[in-house]
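This report goes through a single chain, helix by helix and then residue by residue. The sequence and structure come before the description.

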Amino acid sequence: MPEHPLPRHWQPKTTETSGRWPLPPLLVALARGLKGHCPVCGQSHIFNGYLRVVKQCQNCAAPLGEVRSDDMPPYFTIVIVGHLIIPGMLILEQTKAPPLWVHIAIWVPLTLALTLTLLRPVKGATLGLMLSLGLMKEGGS
Ligand SMILES: [Zn+2]
């Protein structure tokens, strides 16, 4: 019989990972991230370029670079833009039935503009969401 028997059930990690920074309520963190500001303090910018996140907040030193949002912001952006563009396309087609070139001239530039406009604030909000939920790179705290 082994000295330390194996546990019968998996136990979740219960250590607190975000205790060093007083996190605001979820909606405040989302709003701050949406504006491109640090979700923790709301004072400093989180982007160093178009989508590159700074390593840590210059004001409160929150480890923003350890929050890996990966492909989540583009997925959220695709869902939002799709829900705006596709109904517009269907309504235009059902009411006016314009030629194909009109659809292309309207929807392609509008889709690109909306995507490029929304991607950055959506990434900021995603960062705020993930920070609030304590979803950080393994080993970061
Ligand atoms: Zn901060």
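## Helix packing

Axes here are lines fitted to C-alpha atoms, for helices over the stretch in contact, and angles run from 0 to 180 degrees between N-to-C directions. On that basis, α2 and α3 pack with their axes 8 Å apart and at an angle of about 145°. The crossing of these two helices is right-handed. The model is a predicted one.

On the α2 side, the residues that meet α3 are Met72, Pro73, Pro74, Phe76, Thr77, Ile80, Val81, Leu84, Ile85 and Met89. Their partners in α3 include His103, Trp107, Leu110, Leu114, Leu118 and Val122. Lys123 and Thr126 are also among the α3 residues in this set.

## Overall layout

The chain has three helices and zero strands, and its pattern along the sequence is α-α-α. Of its 141 residues, 18% count as buried. Among contacts between residues at least 6 apart in sequence, 61% join residues at least 24 apart.

## Helix α2

Helix α2 covers residues 72–95. Its 24 residues should span 34 Å at 1.5 Å a residue, and the end C-alpha atoms are 35 Å apart, so the expected and modelled spans agree. The helix nevertheless has a kink of about 25°, centred on glycine 82.

Which residues of α2 are buried? They are Pro73, Thr77 and Val81. Each of these three also appears among the α2 residues that meet α3, and α3 (100–133) is included in what covers the buried residues of α2.

## Helix α3

Helix α3 bends by about 35° at leucine 119, and proline 121 follows within four residues. The buried residues of α3 are Val122, Lys123, Gly124, Ala125, Thr126, Leu127, Gly128, Met130, Leu131 and Ser132. The cover over the buried residues of α3 includes both α1 and α2. Just after the helix, glycine 134 takes a positive phi of about 75°.

Proline 121 itself is in helix α3. Because 15 other C-beta atoms lie within 10 Å, proline 121 is partly exposed; the buried class would need 20 or more. Apart from residues up to four places away in sequence, proline 121 touches Leu34 and Gly36. Glycine 36 is 85 residues from proline 121 in sequence, yet the two C-alpha atoms are 6.3 Å apart in space.

## Nonpolar core

The largest nonpolar core has eleven residues: Ala29, Cys38, Val40, Ile46, Cys57, Ala62, Leu64, Val67, Leu127, Met130 and Leu131. Its largest share, three residues, comes from α3. In soluble globular proteins, nonpolar side chains tend to be buried together.

## Loop residues

Phenylalanine 47 lies in the loop between α1 (26–34) and α2. Is this residue exposed, partly exposed or buried? Phenylalanine 47 has 16 other C-beta atoms within 10 Å, so it is partly exposed. Leaving aside neighbours within four places in sequence, phenylalanine 47 is in contact with Gly36, Arg52, Val53 and Arg120. Gly36 is thus a contact of phenylalanine 47 and of proline 121. Glycine 65 is 18 residues from phenylalanine 47 along the chain, with a C-alpha separation of 10.0 Å.

Two residues other than glycine have positive phi values in the loops. Aspartate 70 has phi near 50° and lies in the loop between α1 and α2. With 9 other C-beta atoms within 10 Å, aspartate 70 is exposed, because the exposed class takes residues with 12 or fewer. Alanine 97 has phi near 45° and is placed just after α2, in the loop between α2 and α3. Alanine 97 has 8 C-beta neighbours inside 10 Å and therefore counts as exposed.

Notes
Residues numbered from 1 in each chain as written. Predicted model: local features only at pLDDT ≥ 70, side-chain atom pairs only at ≥ 80, totals over all residues. Expected span 1.5 Å × (residues − 1). Bend = angle between axes of the 7 residues up to and from the residue. Contact = placed C-beta atoms within 7 Å. Core = buried A, V, L, I, M, F, W, Y, C linked by C-beta atoms within 7 Å. Left-handed = near helix turned anticlockwise from the far one by under 90°.
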